[in-house]
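Work through the exercises below with the structure open beside you. Try each task before you read its solution.

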Amino acid sequence: MPRFRAILDTVPAYKAGKTAMSADGRSYKLSSNESPYGPLPSVVEAVSRAASEMHLYPDPASTALTNAIAERHGVPPEHVAAGAGSVTLLQQLFETVGEPGAEVIYAWQSFEAYPLMADLSGATSVRVPLLGETHHLEAMADAITPQTRMILVCNPNNPTGTVVHAAELEAFLDRVPEDVLVVLDEAYREYVRDAGVTDGLTVYGDRPNVAVLRTFSKAYGLAGLRVGYLIGNEPVASAVRKTTVPFAVNHLAQTAAIASLAAEDELLERVDIVVKERERVREALISQDWTVPITEANFVWLRLGDRTMDFAGSCALEGVAVRAFAGEGVRISIGTPEANDTLLAATEAFRHA
């Protein structure tokens, strides 16, 4: 029997969103925050053309994609690091700072991959409880020690959908030592409509210890191709590039991401549809007497405590899969109007069961 690292005996595997099917064959997956709409026709066409080149290795530096991202955001190309989804870039960040004795601070509940990656990197997790379903930045700043190497701020937060506003973020960053890396995880940035929420890309330029993570998986509808990017000052981006697995971003993913940026105006029209559905679903849930935090992502959050698994099971019987966090609550992705209507019928039935 091969000998493995001892940490593997205690680290749980990442749990992806599940599917569900009702007795009459209905199935709506609202558990993974995926876009309810497929890629744009122009993106599909570009990928189809690129498919004839699958026998060739992709550009290991993702040069064309890096340049397209840099142009889109008005940043130098050397500030961009492309990766196989923002979660892989997150893993690379842990590789740059993680070692025995290093501490990484993040809110909890937040993105469930954070503790897994911290443990695997050898770093120590410092979890700071949410305050009112959002980041308690003052407490996070208080948690900084000489051993702190990185702080993660998921904005909007996954799974609660809540946001950190500009003034509180700036005050927090002013308290963070310059040698501590702050990562603004903005996987859901395209869904934000609150003007008071800082765009991380307007912050990082004046703060060498701040970096921003973005993804093409959510709003851009490319979850199946795995492509994301980091934007940070050159020392940060360079460190992340050093930890990249060769040819990590495949050719089809690079092609699709470039085509998506070219068709961004059309794509963001779909995002607007999701945002309108988000507001409709939240208002309907509130009218059913649920407590639903204001969300700026493509999902809503219900804190259910010990009712969480019963609720998830009840939804599954109707063919609706939600993301359940046992003992905490459920995160429900915004789907098509039909999927959302089925969900709302299920939530109404559960309240009166």
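The exercises cover domains, nonpolar cores, a surface patch and salt bridges in this predicted model.

**Exercise 1. The domains**

Task: State how the chain is divided, and how many residues of each domain are in contact with the other.

Solution:
- Start with the bounds. Domain 1 takes in 13-39 + 264-352, while domain 2 covers 41-262.
- Next, take the centres over C-alpha atoms. Those of domain 1 and domain 2 are 25 Å apart.
- Then count the contacts. Domain 1 contributes 28 residues, and these touch 32 residues of domain 2.

**Exercise 2. The largest nonpolar core**

Task: Find the residues with the most contacts inside the largest nonpolar core, and explain why this core lies between the domains.

Solution:
- Begin with its members. The largest nonpolar core holds 84 residues. Ile151, Phe172 and Phe216 have the most contacts inside it.
- Look for the main contributor. Helix α9 (residues 264-287) supplies the largest share of this core, seven residues.
- Now place the core. It lies between domain 1 (13-39 + 264-352) and domain 2 (41-262), because both give residues to it.
- Zoom in on Ile151. Neighbours within four places in sequence are left aside here. Ile151 then has contacts with Ile105, Met140, Ile144, Phe172, Val176, Val180, Leu181, Val182 and Val183.
- A general point fits here. Nonpolar side chains tend to be buried together in soluble globular proteins.

**Exercise 3. A nonpolar patch on the surface**

Task: Which residues make the nonpolar surface patch of about 500 Å²? Decide also whether Phe4 is buried or exposed.

Solution:
- List the members. Met1, Phe4, Leu8 and Leu120 make the patch.
- Locate Phe4. This residue sits in the segment before β1 (28-30).
- Apply the cut-off. Exposed means over 50% relative accessible area. Phe4 has 59% relative accessibility, so Phe4 counts as exposed.

**Exercise 4. Salt bridges across the sequence**

Task: Of the 18 salt bridges in the structure, examine Glu264 with Arg72 and Asp174 with Arg207. Say where each partner lies, and whether it is buried or exposed.

Solution:
- Take Glu264 and Arg72. Their closest N and O atoms are 2.5 Å apart.
- Place both residues. Glu264 is in helix α9 and Arg72 in helix α2 (residues 63-73), so their bridge ties together parts 192 residues apart in sequence.
- Check the cover. Glu264 counts as buried because its relative accessibility is 10%. Arg72, at 39%, counts as partly exposed.
- Turn to Asp174 and Arg207. Here the closest N and O atoms are 2.7 Å apart.
- Place this pair too. Asp174 belongs to helix α6 (residues 166-175), and Arg207 to the loop between β6 (181-185) and β7 (210-215). The two are 33 residues apart, and the pair links distant parts of the chain.
- Check the cover again. Asp174 is exposed, at 58% relative accessibility. Arg207 is buried, with a relative accessible area of 17%.

**Exercise 5. Another pair and a network**

Task: Describe the salt bridge of Arg241 and Glu234, and name the residues linked in a network with Arg303.

Solution:
- Start with the pair. The side chains of Arg241 and Glu234 meet at 3.9 Å, N to O.
- Compare the two values with the cut-offs. Arg241 has a relative accessible area of 32%, so Arg241 is partly exposed. Glu234, at 35%, also counts as partly exposed.
- Finish with the network. Salt bridges link Arg303 with Glu133 and Glu328 in a network.

Technical notes
Residues numbered from 1 in each chain as written. Predicted model: local features only at pLDDT ≥ 70, side-chain atom pairs only at ≥ 80, totals over all residues. Heavy atoms only, no water. Core = buried A, V, L, I, M, F, W, Y, C linked by side-chain atoms within 4.5 Å. Buried < 20%, exposed > 50% of the residue type's maximum accessible area, 1.4 Å probe, protein only. Helix = DSSP H or I, 4+ residues; strand = E, 2+ residues; numbered from the N terminus. Domains from an automatic or database assignment. Contact = heavy atoms within 4.5 Å. Patch = residues over 30% accessible without salt bridge, like charges linked within 9 Å, V, L, I, M, F, W, Y side chains within 5 Å. Areas by Shrake-Rupley, 256 points an atom, 1.4 Å probe, with all protein chains shown as cover. Salt bridge = Lys/Arg side-chain N within 4 Å of Asp/Glu carboxyl O.
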